[in-house]
Amino acid sequence: VVSTQSTGMLVTCGEMCLLGRNRQFPTQMFSALAGFIDTAETIEEAVEREVLEEVSVPVDRVNYTLSGFWGGFRQNYSPELMIGCVAECNEVREPVCNEEIAEARWFSREEIREALTRAHLPPREGALNVPPSFAVAHKLLAKWAVRGES
């Protein structure tokens, strides 16, 4: 049973994408942003709101990309449907993080491509690390960086 819906949001601006580091992540582990869809809220409204709440960056366009399950593999979490979207900005803005996000940074397409090649390995000190291949965030990054889709 799927209990709630969440969104995975890859914020992009041309050749750059914005990733965040949750306070629970290791220092060099960055991921797409994520949040929940409120009652009576559209996917697009949820993405726009969550990105503003988490990093204070306005987005101009939201495109549904893929979906997957999240949470069921972790202890004490019920499975949730995660809806993966790409949120496009017209300009790179400095992110201002909320209390959930320890750090957010813009990364180039090339940096993401390089990090994806190591995603199946243990996190490497001093290098950008991204989620493993089963994660919605990884799939969003791969579609954007490797295939050039936005």
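**Exercise 1. A salt bridge across the chain**

Find the separation between the N and O atoms where the side chains of Glu15 and Arg109 meet in a salt bridge, and state which parts of the chain the pair ties together.

*Solution.* The side chains of Glu15 and Arg109 form a salt bridge with an N to O distance of 2.9 Å, where a salt bridge is a side-chain nitrogen of Lys or Arg within 4 Å of a carboxyl oxygen of Asp or Glu. Glu15 sits in the loop between S1 and strand S2 (16-22) while Arg109 belongs to helix H2, so the pair ties together parts that are 94 residues apart in sequence. The elements named here are DSSP runs numbered from the N terminus, with helices (H or I) of at least four residues and strands (E) of at least two. The model is predicted, so that local features need pLDDT of at least 70 and side-chain atom pairs count only at pLDDT 80 or more, whereas totals for chains, interfaces and linings use all residues. Residues are numbered from 1 along each chain as its sequence is written, and side-chain values use heavy atoms, with hydrogens and water left out.

The two partners can then be classed by accessibility, for which buried means under 20% relative accessible area, exposed over 50%, and partly exposed in between (1.4 Å probe, protein chains only). Glu15 is partly exposed at 49%, whereas Arg109 is buried at 8%.

**Exercise 2. Further salt bridges**

State how many salt bridges a search of the whole structure finds, and describe the pairs formed by Arg93 with Glu91 and by Arg118 with Glu114.

*Solution.* The search of the whole structure gives eleven salt bridges. In one of the pairs, the closest N and O atoms of Arg93 and Glu91 are 3.3 Å apart; Arg93 is partly exposed with a relative accessible area of 38%, and Glu91 is partly exposed at 46%. In another, the side chains of Arg118 and Glu114 meet at 2.4 Å, N to O; here Arg118 is buried at 9%, while Glu114 is partly exposed at 36%.

**Exercise 3. The surroundings of Glu50**

Is Glu50 buried or exposed, and which residues does Glu50 touch, not counting residues up to four places away in sequence?

*Solution.* Glu50 is placed in helix H1, which covers residues 43-55. With a relative accessible area of 8%, Glu50 is buried. Contact means heavy atoms within 4.5 Å, and, not counting residues up to four places away in sequence, Glu50 touches Met9, Ala34, Gly35 and Phe36. Glu50 is also linked with Asp38, Glu41, Arg49 and Glu53 in a network of salt bridges.

**Exercise 4. Val11 in strand S1**

Determine the accessibility of Val11 and list its contacts, leaving aside neighbours within four places in sequence.

*Solution.* Val11 lies in strand S1, residues 5-13, and counts as buried at 0% relative accessibility. Leaving aside neighbours within four places in sequence, Val11 is in contact with Met16, Cys17, Leu18, Leu33, Val51, Val59, Ala87, Cys89 and Trp106. For Val11 and Val47, which are 36 residues apart in sequence, the C-alpha to C-alpha distance is 9.6 Å.

**Exercise 5. Positive phi outside glycine**

Give the places and accessibilities of Ala40 and Ser56, together with their phi values.

*Solution.* Ala40, although not a glycine, has a positive phi of about 70°. Ala40 is in the loop between strand S3 (33-36) and H1, and is exposed with a relative accessible area of 80%. Ser56, likewise a residue other than glycine, has a positive phi near 55°. Ser56 lies in the loop between H1 and strand S4 (61-70), and is partly exposed at 35%.

**Exercise 6. The chain as a whole**

Describe the order of the elements from the N terminus on, and state what share of the residues is buried.

*Solution.* The secondary structure comprises three helices and six strands, which run β-β-β-α-β-β-β-α-α from the N terminus on. Of the 150 residues in the protein chain, 46% are buried. Among contacts with a separation of 6 or more, 65% are between residues 24 or more positions apart.
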